[in-house]
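Dear colleague,

Please find below the structure that I am handing over to you, together with its sequence. My notes on what was found in it follow directly after.

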Amino acid sequence: MFNFVITFILFPGPTFKKTFPQIDDVWKTIIFNLAYNIGDTAGKYSADIKNAFNPKSLLYAFFSRFYFFLPITVMAKASDIGDILTDNEIFPFVVCFLFAFTNGFVISTSLFT
């Protein structure tokens, strides 16, 4: 249940607040949704790999999701303006992909453990 709470606190609301000067808002939404869906699917398929996880690694994957509060809220509040690492067109989509990957992984593995 807490995994869903983390997911719906950060996606889609704050994630879609990130603005890009070169990307239209419609395309931004489509690309964020695409990155999330591909990441979620990849995470669910990776949970099917035998011996890919144990109960301890599942806990690490779950608690690593708290890390995403920092970059997503910083990007949503536009506090990263001028930062070389986060203020570009690739980093927000990579963060969205990784966030979705951990979501799919934790949800799929928690159903089978």
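A cavity, as the word is used here, is a set of grid points where a 1.4 Å probe fits but cannot get out, and its volume is the space filled by probe spheres set on those points. Please bear in mind throughout that this is a predicted model.

The cavity

On that definition, the structure holds 1 cavity of 30 Å³ or more. The largest cavity contains about 60 Å³ of space. Its lining is made up of 10 residues, and those closest to the centre are Thr15, Phe32, Ile72, Met75 and Pro92. Two elements, α4 (69–76) and α5, give two or more residues to this lining. By character, the lining residues divide into 8 nonpolar, 1 polar and 1 charged.

Met75, one of the residues closest to the cavity centre, is found in helix α4. With a relative accessible area of 6%, Met75 falls under the 20% limit and is therefore buried. Its C-alpha atom is separated by 7.9 Å from that of Asp87, a residue 12 positions away along the chain.

The aromatic residues

A pair of aromatic rings is described by the distance of the centres and the angle of the planes. The structure holds 8 aromatic pairs. In one of them, the rings of Phe32 and Phe93 have their centres 4.5 Å apart and their planes at 45 degrees, so this pair is tilted. Phe32 belongs to helix α2 (residues 25–46) and Phe93 to helix α5 (residues 91–112), so the pair ties together parts that are 61 residues apart in sequence. Both Phe32 and Phe93 are buried; for Phe93, the relative accessible area is 12%. Phe93 may also be placed with respect to Tyr36: the two are 57 residues apart in sequence and 8.3 Å apart in space, C-alpha to C-alpha.

A further pair is formed by Tyr67 and Phe68, with 5.6 Å from centre to centre and 65 degrees between the planes, and this pair is edge-to-face. Phe68 counts as buried, at 7% relative accessibility. In addition, Phe62, Phe63, Phe66 and Phe69 form one aromatic cluster. A charged side chain also meets a ring: Arg65 lies over the face of Phe99, at 4.4 Å from the ring centre.

The nonpolar core

In soluble globular proteins, nonpolar side chains tend to be buried together. Here, the largest nonpolar core has 23 residues, of which Leu10, Tyr36, Phe68, Ile72, Val95, Cys96 and Phe99 touch the most other members. At least two residues of this core come from each of α1 (2–10), α2, α3 (55–64), α4 and α5. Which helix gives the most to this core? It is α5, with 8 residues. Several residues described above return in this list: Phe68, the partner of Tyr67, is among the core members that touch the most others, as is Phe99, the ring beneath Arg65.

Exposed positions in the loops

Two loop residues may be set beside these buried positions. Ile84 has its place in the loop between α4 and α5. At 77% relative accessibility, Ile84 is over the 50% limit and so counts as exposed. Ile84 and Thr19 are 65 residues apart in sequence, and their C-alpha atoms are 15 Å apart in space. Lys50 lies in the loop between α2 and α3, and Lys50 is exposed, with a relative accessible area of 73%. From Lys50 to Phe8 the C-alpha distance is 29 Å, with the two positions 42 residues apart in sequence numbering.

With kind regards

Note on methods
Residues are numbered from 1 along each chain as its sequence is written. This is a predicted model: local features need pLDDT of at least 70, side-chain atom pairs count only at pLDDT 80 or more; totals for chains, interfaces and linings use all residues. Side-chain values use heavy atoms; hydrogens and water are left out. Rings of Phe, Tyr and Trp (its six-membered ring) pair if their centres lie within 6.5 Å; planes under 30 degrees apart count as stacked, over 60 as edge-to-face and the rest as tilted. Helices (H or I, at least four residues) and strands (E, at least two) are DSSP runs, numbered from the N terminus. Buried means under 20% relative accessible area, exposed over 50%, partly exposed in between (1.4 Å probe, protein chains only). A charge sits over a ring if NZ of Lys or CZ of Arg is within 6 Å of the ring centre and within 35 degrees of the ring normal. On a 1 Å grid over the protein atoms alone, a cavity is a set of points where a 1.4 Å probe fits but cannot get out, and a pocket is an open set with protein on both sides within 12 Å along at least five of seven lines; lining residues have an atom within 4 Å of a point. Ala, Val, Leu, Ile, Met, Phe, Trp, Tyr, Cys and Pro count as nonpolar, Asp, Glu, Lys and Arg as charged, and the others, Gly among them, as polar. A nonpolar core is a set of buried Ala, Val, Leu, Ile, Met, Phe, Trp, Tyr and Cys residues joined through side-chain atoms within 4.5 Å.
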